[in-house]
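Hi,

Here is the structure I said I would pass on to you. Have a look at it first, and then read my notes underneath.

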Amino acid sequence: MIELQGLTKRYGDKTAVDHLTFTVRPGVVTGFLGPNGAGKSTTMRMVLGLDAPSSGDVRIDGRRYAQLSEPLKYIGALLDAKDVHGGRTAYNHLLCLAQSNRIPRHRVDEVLETVGLTAVAKKRSKGFSLGMGQRLGIAAALLGDPEILMFDEPVNGLDPEGIHWIRNLMKGLAAQGRTVFVSSHLMSEMALTAEHLIVIGRGRLLADTSMADFIQQNSRSYVRLRTPQPERLQDILTAAGHTVVSTADGSFEIQDGDAAELGTLAAQHQVVLHELSPQRASLEEAFMRLTAEAVEYHAGGPTGFGPAGTGALPQDVPAGQAPGQEQAPAPEWGAQWRNPGSRKGR
Ligand SMILES: Nc1ncnc2c1ncn2[C@@H]1O[C@H](COP(=O)(O)OP(=O)(O)OP(=O)(O)O)[C@@H](O)[C@H]1O
């Protein structure tokens, strides 16, 4: 379990992390979401004692990171995959880490196998691709067989196979009862992976919620209607008891009807429809709406989302991304952890 209490980090007059209080619990993947510059990496660095808080506190199973002897046995983290000595082989990189935490040498072979790097174990990591570097960083995080794992933007720059592998890795670790805390700036990615969400913006907590609740509250479904006879259609819909929302582009949004019923109603009254389409607001849109005030860097030009807080957002897209929809089986990694006898006592 990771517990933050009023955690704050200031750099001069810039407050990167602002009184964050939340708990990351075991047994689920907790997504840590926020736009660029929200303070995710700074928070994670404070969890690991790499940055000192300006105020507040963060505990790992009740203790500060500095109080953990052999910390890799309690918490493993991937913060920056490039943060390795490029001149060392993958094997030696892991061996150095293992020795500094009194982790037996055979774990190096095990984690290399787990992440699929056995064949390149004796190669210097400076020649590794981004994906191989991520895998090496994950191997380091897994080395001490820790109960708590933290990954900062682990899918950045990975190909689809690598992304799929990391998703399943995180879910599998959580299913074993571990605490898995993963940052991302993509809601769509978290919707496929996380069961719980912590959302921050400008260093502040914006949401601490289950993914199921977030989806229920934010996956707005409605039917979009477009007609050259708007007044007539509006009267018909209102007379039929529907609430009609007119949008800026001249279409109608009906939240309390289904497409077949609305199409039939229009046909019965001989109203021409140019569009009749079921819509679902995407989770990405809900996330952007939530963090709109807190986005530090906006895209310019016509495709930007407009000034913070205006709610001027890109067009809805079908969500279709709820958790549990990914059908692929978990890969055969980390089989040794599924055997309770192989877990170390703490
Ligand atoms: N060492 C530092 N000195 C000054 N400002 C910093 C420092 N580290 C981070 N910041 C600032 O703190 C804020 C939070 O940065 P942080 O990297 O934690 O955000 P993030 O959510 O991880 O962003 P991203 O998704 O872009 O990685 C940013 O405005 C950043 O510029």
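**What I found**

The protein has 11 helices and 13 strands in its secondary structure. Keep in mind that this is a predicted model. Of the 346 residues in the protein, 36% are buried. If you take the contacts with a separation of 6 or more, 71% of them are between residues 24 or more positions apart.

**Domains**

The domain assignment splits things into domain 1 (2–74 + 146–216 + 325–342) and domain 2 (221–280). So you can find your way around: the centres of domain 1 and domain 2, taken over C-alpha atoms, are separated by 43 Å.

**Around the ligand**

Which residues surround the ligand? They are Tyr11, Lys14, Ala16, Gly34, Asn36, Gly37, Ala38, Gly39, Lys40, Ser41, Thr42 and His185. Two or more residues of this shell come from each of strand 2 (14–24) and helix 1 (40–47). Helix 1 gives the most, with 3 residues. By type, the shell around the ligand has 3 nonpolar, 7 polar and 2 charged residues.

**The cores**

The largest nonpolar core holds 66 residues, and the ones that touch the most other members are Leu94, Ala139, Leu143, Met150 and Met170. Try clicking on Leu143. Leaving out neighbours within four places in sequence, Leu143 is in contact with Leu72, Gly76, Leu94, Leu97, Ala98, Ile103, Arg107 and Val111. Another core, of 7 residues, lies apart from the largest one, and its members include Val223, Leu237, Phe252 and Leu262.

**Helix 4**

Helix 4 (residues 130–142) is a nice one to look at next. From its first C-alpha to its last, this 13-residue helix reaches 18 Å, close to the 18 Å expected at 1.5 Å a residue. Is helix 4 mostly covered or mostly open? Mostly covered, as 10 of its 13 residues are buried. Those buried residues are Gly133, Gln134, Arg135, Leu136, Gly137, Ile138, Ala139, Ala140, Ala141 and Leu142. And what do the buried residues of helix 4 pack against? Their partners are strand 5 (75–78), helix 2, helix 3, strand 6 (148–152) and helix 5 (160–175). Ala139 turns up twice here: it is one of the buried residues of helix 4, and it is also among the residues that touch the most other members of the largest nonpolar core.

**Three residues to check**

Start with Gly201, which sits in strand 8 (residues 196–201). Gly201 counts as buried because 23 other C-beta atoms lie within 10 Å, and 20 or more is the cut-off for that. Gly201 and Glu293 are 92 residues apart in sequence, yet 8.1 Å apart in space, C-alpha to C-alpha.

Next comes Arg202, in the loop between strand 8 and strand 9 (204–210). Arg202 is not a glycine, but it has a positive phi of about 45°. Why is Arg202 partly exposed? Because it has 19 other C-beta atoms within 10 Å, and a residue needs 20 or more to be buried.

Finally, look at Arg102, in the loop between helix 2 (90–100) and helix 3 (106–115). Arg102 also has a positive phi, of about 50°, although it is not a glycine. Arg102 counts as exposed because it has 11 C-beta neighbours inside 10 Å, and the cut-off for exposed is 12 or fewer.

Cheers

Conventions
Residues numbered from 1 in each chain as written. Predicted model: local features only at pLDDT ≥ 70, side-chain atom pairs only at ≥ 80, totals over all residues. Near = placed C-beta within 6 Å. Helix = DSSP H or I, 4+ residues; strand = E, 2+ residues; numbered from the N terminus. Nonpolar A, V, L, I, M, F, W, Y, C, P; charged D, E, K, R; others polar. Core = buried A, V, L, I, M, F, W, Y, C linked by C-beta atoms within 7 Å. Contact = placed C-beta atoms within 7 Å. Domains from an automatic or database assignment. Expected span 1.5 Å × (residues − 1).
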